[in-house]
Amino acid sequence: MTIRNRLIWLFVGLVAFILLAVLGSAFLLQRDYGQREFRQRLRDRAEVAAYIFLEKDELRSAAFQVFQKRFQQTLTEEIIQIYDAQGEVRFVREDARLEVPPDVLARIVAGSEEYFTDGPREAVGFFYHDNQGSFVVVAGAENVYGHARLQSLATIMASVFVLSLLLIYGAGRVFADRALAPIAAINDQMERISAHDLHLRVAEGLSGHKKDELSRLAHTFNRLLDRLEAGFEAQRAFVRYASHELRTPLAASIGEAQLALTRDREPAAYRAALRELLADLTQLNALLNHLLELAQAEAPLPEHDACIRVDELLAEACAAVEPAQRPRLQVHTGRLPTEPEQLELTGNRALLGRALSNLLENALKYSDPQPVLVSLEYEPGQALLRIQDHGIGIAETDLPQVFQPFFRAANARPVAGHGVGLALARRIIERHGGRLDLSSRLGQGTTVQVRLPTA
């Protein structure tokens, strides 16, 4: 069932329940009121009959009936009966008689006012005190007009209920159509957006309100499209840069091999060609390793992460640097915790080690022969690692793009590299709940600051 039909039937069901409750309550109240009114009329009739019979006892029964028909407004199929305190009949109409249950008669004699039924008749009985003694007065009649009134009321209410449901159903369809019209419009706009049209956006405020749920849904979907568009663009750039980087060493390797095979050469020439080929293949291997590391950085982390101390991780990254470059590293420690366990974090040791190694190698590579300052400090809940070099720096216009894979600033292209290390390091650190910030000035050096959450 569609949302439109569910809304309609929910709306109809809710209003039908409320309407049924209101009409049913009104019917029950009217029935209760009619019953109480009829019983009061019965009692009034019984009191009048008792007064006429007991106060005017010199009248014979036949004379009483003539007086009753002449001066009293009788009820439908009315019957009046009077008993003395011993239960003996003092007055009963001859053409009809009420059957009073003995237990009811006994309770009336005891002083209780009783209401009971005798077939289609409703009856009332009470104890009447007179100067001649105490008597039981019983009056009964059929509530024909009351029942007819209730039946007419029930018919009217049933008709109103059915007509109201039909009206509510029609109103519900109109309401549902208007309420869901913005959703249908958003759906139509979404269907027009494909992988080739990610620049398109869904119109916000189609419902006429800028801050309602539908506008928020459109806004959220547009933000999703922003992220998808950025992801697709990054993927296209990645493929473009990767293709270019892979093609360069492959073309060089093929060229070296073809050149070596064009004619016979001296062994020294072959050895030189093989050295060139080896260098190109080494570069290609390094590039493929970077691509593999990027894929690993996107893969889910292991469920059972290792417990790692940041100071040990930094020491391992420094030890992995080429021996010729190690003297340029100047490692300093600032405020450290008294308990070494406070420097521990959970994560993938190999990935984090690779991230720190990339940052150190970049700093050493782009600041040769200047020293690189490395500092480690502890702040409550996090370890702060800072790597500062005095190398070529990065232009302000290139800073927003340095974290894109394979991007290389113009002044960095003479230096061997692929433009993967910084992007890889940032992804690894962010996946471990940390943050990597970079600040740089062209010709004055670069500072990388890493914050890692600790236990």
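**Sheet, cores and salt bridges of the predicted model**

Five strands are arranged as an open sheet with the order β7-β9-β10-β12-β11, and the pairing among these strands is mixed. The edges of the sheet are formed by β7, spanning residues 329-333, and β11, spanning residues 435-441, each of which pairs on one side only. From one strand to the next, the twist averages 15°. The structure described here is a predicted model, and the values below were computed from its atoms.

At one edge, β11 is joined by 7 bridges to strand β12 (residues 445-453), and these two strands run antiparallel. Within this pairing, S440 is found opposite T446 of β12.

Helices pack across the sheet at two places. Helix α7, made up of residues 310-319, lies across β7, β9 (372-379) and β10 (382-388), and its direction makes an angle of about 170° with β9. Helix α9, comprising residues 421-431, lies across β11 and β12, running at about 145° to β11.

The largest nonpolar core contains 42 residues, of which L329, L359, L360, V374, L436 and V450 touch the most other members. At least two residues of this core are supplied by each of α6 (267-298), α7, α8 (349-366), β9, β10, α9 and β12, and the greatest contribution, 8 residues, is made by α8. The surroundings of L329 illustrate how this core is assembled: when residues up to four places away in sequence are not counted, L329 touches C318, V321, L360, L364, V372 and V374. Another core, which lies apart from the one just described, consists of 16 residues and includes F38, I82, V137 and A141.

A search of the whole structure for salt bridges returned 15. One of them joins R223 to D226, with the closest N and O atoms 2.9 Å apart. Because R223 and D226 are 3 residues apart in helix α5 (residues 213-261), they are separated by about one helical turn. Both ends of this salt bridge are partly exposed, with a relative accessible area of 30% for R223 and of 30% for D226.

A second example is the salt bridge between E312 and R349, in which the closest N and O atoms are 3.8 Å apart. This pair links distant parts of the chain, since E312 belongs to helix α7 and R349 to helix α8, with their positions 37 residues apart in sequence. E312 is partly exposed at 36% relative accessibility, and R349 is likewise partly exposed, with a relative accessible area of 28%.

Within the sheet, the side chains of E379 and R451 meet in a salt bridge with an N to O distance of 3.2 Å. E379 lies in strand β9 and R451 in strand β12, so this pair ties together parts of the chain that are 72 residues apart in sequence. The two partners fall into separate accessibility classes: E379 counts as partly exposed at 21% relative accessibility, whereas R451, at 18%, counts as buried, because the buried class is limited to residues under 20% relative accessible area. Finally, salt bridges with shared partners join R309, D311, E312, E316 and R349 into one network, and the E312 to R349 pair described above therefore has both of its residues in that network.

Definitions and conventions:
Residues are numbered from 1 along each chain as its sequence is written. This is a predicted model: local features need pLDDT of at least 70, side-chain atom pairs count only at pLDDT 80 or more; totals for chains, interfaces and linings use all residues. Side-chain values use heavy atoms; hydrogens and water are left out. Two strands pair if DSSP finds at least two bridges between them. Helices (H or I, at least four residues) and strands (E, at least two) are DSSP runs, numbered from the N terminus. Axes are lines fitted to C-alpha atoms, for helices over the stretch in contact, and angles run from 0 to 180 degrees between N-to-C directions. Contact means heavy atoms within 4.5 Å. A nonpolar core is a set of buried Ala, Val, Leu, Ile, Met, Phe, Trp, Tyr and Cys residues joined through side-chain atoms within 4.5 Å. Buried means under 20% relative accessible area, exposed over 50%, partly exposed in between (1.4 Å probe, protein chains only). A salt bridge is a side-chain nitrogen of Lys or Arg within 4 Å of a carboxyl oxygen of Asp or Glu.
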